[in-house]
Amino acid sequence: MVKFGFTTRKDSMIMLDKADLSLRRTLISEYPEYQLCINCGACSAVCTAAQLTSFNIREVKLNIDRGQTVSLKNEIAKCMICGKCEMICPKNVSNRKIVLLINKHLQEQHG
């Protein structure tokens, strides 16, 4: 087989009807503005933590919306809660509040 220097991605499928979306529902009930996010990426572009680590708040929210929360605790710990994301958001979504709510949820779930 000829090697071209790249490989195809492994197939993956998300079964949304079987995914655990409880964290998403909790976030929406405690902070309805969570749903206003249009995933424009402005928050990620100005994120201080993203400049120093692999943190990406947009990806974190996307994973929550998909029910993929396995690595959430490690990812959310990278956030510096500096608030730059709030200042740039065109929909005035408070990612700082979302991060704090996620931390609260994780502490309630895992102590």
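# Questions about a predicted all-helix model

Visitor: To begin with one residue, what is the relative accessible area of Lys 104?
Guide: The structure shown here is a predicted model, and every value that follows was computed from it. A residue counts as partly exposed when its relative accessible area falls between the buried limit of under 20% and the exposed limit of over 50%. Lys 104 is therefore classed as partly exposed, since its relative accessible area is 39%.

Visitor: Which residue does the side chain of Lys 104 meet in a salt bridge?
Guide: Lys 104 has a partner of opposite kind, and the N to O distance in their salt bridge is 3.4 Å. That partner counts as partly exposed, at 37% relative accessibility. The residue that meets Lys 104 in this way is Glu 30.

Visitor: How many residues apart in sequence are the parts tied together by Lys 104 and Glu 30, whose side chains meet in a salt bridge?
Guide: The side chains of the two residues meet in a salt bridge. Lys 104 belongs to helix H7 and Glu 30 to helix H1, so the pair ties together parts of the chain whose separation in sequence is 74 residues.

Visitor: Which residue forms a salt bridge with Arg 24?
Guide: Side chains of opposite charge can pair when their charged atoms come close. Arg 24 is partly exposed, at 28% relative accessibility, and its partner is also classed as partly exposed, at 25%. The N to O distance between the two side chains is 2.9 Å, and the residue that Arg 24 meets in this salt bridge is Asp 65.

Visitor: Which helices hold Asp 65 and Arg 24, the two side chains that meet in a salt bridge?
Guide: The salt bridge between Asp 65 and Arg 24 links distant parts of the chain, with the two residues 41 residues apart. Asp 65 and Arg 24 lie, in that order, in helix H4 and helix H1.

Visitor: How many salt bridges are counted in the protein?
Guide: The count includes the pair of Lys 78 and Glu 75, whose side chains meet at 2.9 Å, N to O. Both of these residues are partly exposed, Lys 78 at 25% relative accessibility and Glu 75 at 21%. Counted by the rule of a side-chain nitrogen of Lys or Arg within 4 Å of a carboxyl oxygen of Asp or Glu, the salt bridges come to 4.

Visitor: How many helices are there in the protein?
Guide: Read from the N terminus on, the elements of the protein run α-α-α-α-α-α-α. The protein has 0 strands, and its number of helices is 7.

Visitor: Which helix supplies the largest share of the largest nonpolar core?
Guide: The largest nonpolar core has 23 residues, and within it Phe 55, Val 60, Ile 64 and Ile 102 touch the most other members. At least two residues of this core come from each of H1, H4 (57-65), H5 (72-76) and H7 (95-110). The largest share amounts to 5 residues, and the helix supplying it is H7.

Visitor: Which residues, leaving aside neighbours within four places in sequence, is Ile 64 in contact with?
Guide: Ile 64 is one of the core residues that touch the most other members. With its neighbours within four places in sequence left aside, its contacts are Leu 21, Leu 23, Arg 24, Leu 27, Tyr 34, Thr 69, Leu 72 and Ile 102.

Visitor: Is Ser 44 buried or exposed?
Guide: Ser 44 lies in helix H2, residues 42-46, and its side chain makes a polar contact of 2.8 Å with the side chain of Asn 56. Since its relative accessibility is 18%, and the limit for this class is under 20%, Ser 44 counts as buried.

Visitor: Where in the protein is Met 80 placed?
Guide: Met 80 is partly exposed, with a relative accessible area of 42%. Not counting residues up to four places away in sequence, Met 80 touches Thr 48, Ala 49 and Leu 52. Its place is the loop between H5 and helix H6 (84-88).

Visitor: Which residues make the nonpolar surface patch of about 400 Å²?
Guide: One member, Phe 4, lies in the segment before helix H1 (22-30). Phe 4 is exposed, with a relative accessible area of 62%. The residues that make this patch are Val 2, Phe 4 and Phe 6.

Notes
Residues are numbered from 1 along each chain as its sequence is written. This is a predicted model: local features need pLDDT of at least 70, side-chain atom pairs count only at pLDDT 80 or more; totals for chains, interfaces and linings use all residues. Side-chain values use heavy atoms; hydrogens and water are left out. Patches are made of residues with over 30% relative accessible area and no salt bridge: like charges are joined within 9 Å, nonpolar side chains (Val, Leu, Ile, Met, Phe, Trp, Tyr) within 5 Å. Accessible areas come from the Shrake-Rupley method with a 1.4 Å probe; for residues, only the protein chains shown count as cover. Helices (H or I, at least four residues) and strands (E, at least two) are DSSP runs, numbered from the N terminus. Buried means under 20% relative accessible area, exposed over 50%, partly exposed in between (1.4 Å probe, protein chains only). A nonpolar core is a set of buried Ala, Val, Leu, Ile, Met, Phe, Trp, Tyr and Cys residues joined through side-chain atoms within 4.5 Å. Contact means heavy atoms within 4.5 Å. A polar contact is a pair of N or O atoms within 3.5 Å; within protein, one must be able to donate a hydrogen and the other to accept it, and residues adjacent in sequence count only if both atoms are side-chain atoms.
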